[in-house]
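Colleague: Could you pick one part of this model and take me through it slowly? I'm new to this, so please explain the terms as you go.

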Amino acid sequence: MSHARKEYKDFMKLAPDAYEAVLALGKIAAAAGIDKQLLELVKLRASQINGCAFCVQYHILQGESLGVPADKLNLVVVWREASQFSERERAALAWTEALTLLPGGVSDEVYALAGAEFSEKELTYLTSAIASINVWNRFGAAYRWTAPARPKAVGAAAS
């Protein structure tokens, strides 16, 4: 098990301007009307690719709080093989992978798939959300932020 080099709260204190900038970039897609459940799936997938334990756990918890079905959260890592995802979600996940990996740019096929499901404006805002989570992942992975704990259920016995 690796240890945290710095924690999420340290980033907030050390560079509040950078923290606020990345946070603001991440919020504009939802403010522009992109479905919040879809955004959590996208953020979860990018975080899986980038190996950011903090962000993976954070977006699982966020997705749960927004009512994303457990099957979708569990299967987003293998979304191509899972029938739970709509065509719009598949387009968003393909777009996410293309923008997160960027080995040779974004293929015409992925661009066409995304363009068939999202308006130009929506795709621009979706891209901003993907850019934002990739920035968060760079900080979280670099500093090995500790993944957030699952909140204890109300009325659960203390251990």
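Modeller: Let's start at Cys52, which counts as buried because its relative accessibility is 1%. Buried means under 20% relative accessible area, exposed means over 50%, and partly exposed is in between (1.4 Å probe, protein chains only). This is a predicted model, so local features need pLDDT of at least 70 and side-chain atom pairs count only at pLDDT 80 or more, while totals for chains, interfaces and linings use all residues. Residues are numbered from 1 along each chain as its sequence is written, and side-chain values use heavy atoms, leaving out hydrogens and water.

So what about the sulfur of Cys52? The closest cysteine sulfur is in Cys55, 3.3 Å away, and that is too far for a bond. The cut-off for a disulfide is a pair of cysteine sulfur atoms within 2.5 Å. Seen from the other side, Cys55 is in no disulfide either, with the sulfur of Cys52 as its nearest cysteine sulfur. Search the whole structure and you find 0 disulfides. Cys55 is buried too, because its relative accessibility is 3%.

Now meet Ser47, which touches both of these cysteines. Its other contacts (heavy atoms within 4.5 Å) are Val56, His59, Ile133 and Asn137, leaving aside residues up to four places away in sequence. With Asn137, the side chain of Ser47 makes a polar contact of 3.0 Å. That term means N or O atoms within 3.5 Å; within protein, one must be able to donate a hydrogen and the other to accept it, and residues adjacent in sequence count only if both atoms are side-chain atoms. Ser47 sits in helix H3, and it counts as buried because its relative accessibility is 0%. Helices here are DSSP runs (H or I, at least four residues; strands are E, at least two), numbered from the N terminus.

Let's zoom out. The chain has 8 helices and 0 strands. Its largest nonpolar core has 27 residues, and Phe85, Trp95, Phe118 and Leu126 have the most contacts inside it. A nonpolar core is a set of buried Ala, Val, Leu, Ile, Met, Phe, Trp, Tyr and Cys residues joined through side-chain atoms within 4.5 Å. Helices H3 (36-50), H6 (87-101), H7 (108-117) and H8 (120-143) each give two or more residues to this core, and H6 gives the most, with 7. Phe85 touches several residues beyond four places away in sequence, among them Leu41, Trp79 and Leu93. There's also a second, separate core of 10 residues, and this one includes our Cys55, along with Ile133, Trp136 and Trp145.

Across the whole chain, buried residues make up 36% of the 159 residues. Of the contacts between residues at least 6 apart in sequence, 68% join residues at least 24 apart. The C-alpha atoms fill a box of roughly 50 × 35 × 30 Å along the principal axes.

For a contrast, look at Ala149, in the segment after H8. Is Ala149 buried or exposed? It's exposed, because its relative accessible area is 65%. From C-alpha to C-alpha, Ala149 and Val106 are 35 Å apart in space, with their positions 43 residues apart in sequence.
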